[in-house]
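Welcome! Have the sequence and the 3D view open, and try each task before you read its solution.

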Amino acid sequence: MNSARISELLKTRPKTSLYWGLYSVGAQEGAKPDLGIAVAKKLAKRAVDRNRLKRMIRAIIWTAQSTTLNSDVVVKLKKPIGRNTRGRLRKKEKELLRSQIQGLI
């Protein structure tokens, strides 16, 4: 997804949860639905955790796009993770983040 399309999507009104913002607009005609992910270094300090979150988001959105969701999507992390675990993403928090993403879709 190019930066102009991402900027266009970020101008739309998001569906939000405690940790996530989900921006979506119908896919352009004749094109496959696309995905953009924003997990800032300030919000997820460790690269391992950022990559884990991105993989989790990709898997959830791609399955939704193949079945029900037919739109371009940008997912953005809003709050820092790992406040209680010294900046590390743990299983309990990962499950919370996963359930919030699935709730937005």
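**Exercise 1. Two positions on the outside**

Does Ser 3 count as buried or exposed? Keep in mind that you are looking at a predicted model.

*Solution.* Step 1: find Ser 3, which lies in helix α1 (residues 3-10). Step 2: compare its accessibility with the cut-off, since a residue counts as exposed over 50%. Ser 3 has a relative accessibility of 56%, so it is exposed. Step 3: now try Lys 45, in the loop between β3 and α2. Lys 45 has a relative accessible area of 58% and is exposed too. Step 4: look at distances along the chain and in space. Ser 3 and Tyr 19 are 16 residues apart along the chain, and their C-alpha atoms are separated by 23 Å. Lys 45 and Arg 88 are 43 residues apart in sequence, with 7.9 Å between their C-alpha atoms.

**Exercise 2. The two sides of a helix**

Work out which residues of α2 are buried, and where they sit around the axis.

*Solution.* Step 1: trace α2 over residues 47-67, a helix of 21 residues. From first C-alpha to last, α2 reaches 30 Å, close to the 30 Å expected. Step 2: list the buried residues of α2, which are Asp 49, Arg 50, Leu 53, Met 56, Ile 57, Ile 60, Ile 61, Ala 64 and Gln 65. Step 3: they cover an arc of only 155 degrees around the axis, so they are on the same side of α2. Here is a helpful rule: an α-helix has 3.6 residues a turn, so residues three or four places apart point the same way. Step 4: turn to the other side of α2, where Arg 55, Trp 62, Ser 66 and Thr 67 are exposed. Step 5: see what covers the buried residues of α2; this includes β2 (20-26), β3 (35-38), β4 (71-77) and α3 (91-104).

**Exercise 3. Putting the sheet in order**

In what order do the 4 strands stand in the open sheet?

*Solution.* Step 1: take β1 and β2, which pair in the antiparallel sense over 2 bridges. In this pair, Lys 15 stands opposite Leu 22. Step 2: β2 is joined to β4 by 7 bridges, and these two strands run antiparallel. Trp 20 stands opposite Leu 77 in β4. Step 3: β3 and β4 pair in the parallel sense, over 4 bridges, and Ile 37 stands opposite Val 75. Going from β3 to β4, the chain passes through α2, and this β-α-β crossover is left-handed. Step 4: put the pairs together to get the order β1-β2-β4-β3, with mixed pairing. β1 (15-16) and β3 are at the edges with a single partner strand each, so one side of each has no neighbour in the sheet.

**Exercise 4. Into the core**

Which residues have the most contacts inside the largest nonpolar core?

*Solution.* Step 1: recall that nonpolar side chains tend to be buried together in soluble globular proteins. Step 2: find the largest nonpolar core, which has 22 residues; those with the most contacts inside it are Trp 20, Leu 53, Val 75, Leu 77 and Leu 97. Step 3: ask who supplies this core. β2, α2, β4 and α3 each supply at least two residues, and α2 gives the most, with 6 residues. β4 is itself mostly covered, with 6 of its 7 residues buried. Step 4: zoom in on Leu 97. Leaving aside neighbours within four places in sequence, Leu 97 is in contact with Tyr 19, Trp 20, Leu 53, Met 56, Ile 81 and Leu 89.

Note on methods:
Residues are numbered from 1 along each chain as its sequence is written. This is a predicted model: local features need pLDDT of at least 70, side-chain atom pairs count only at pLDDT 80 or more; totals for chains, interfaces and linings use all residues. Side-chain values use heavy atoms; hydrogens and water are left out. The expected span of a helix is 1.5 Å times one less than its number of residues. Buried means under 20% relative accessible area, exposed over 50%, partly exposed in between (1.4 Å probe, protein chains only). The arc is that of the directions from the helix axis to the C-beta atoms. Contact means heavy atoms within 4.5 Å. A nonpolar core is a set of buried Ala, Val, Leu, Ile, Met, Phe, Trp, Tyr and Cys residues joined through side-chain atoms within 4.5 Å. Two strands pair if DSSP finds at least two bridges between them. A crossover is right-handed if, with the strands pointing away from the viewer, the path from the first strand over the helix to the second runs clockwise.
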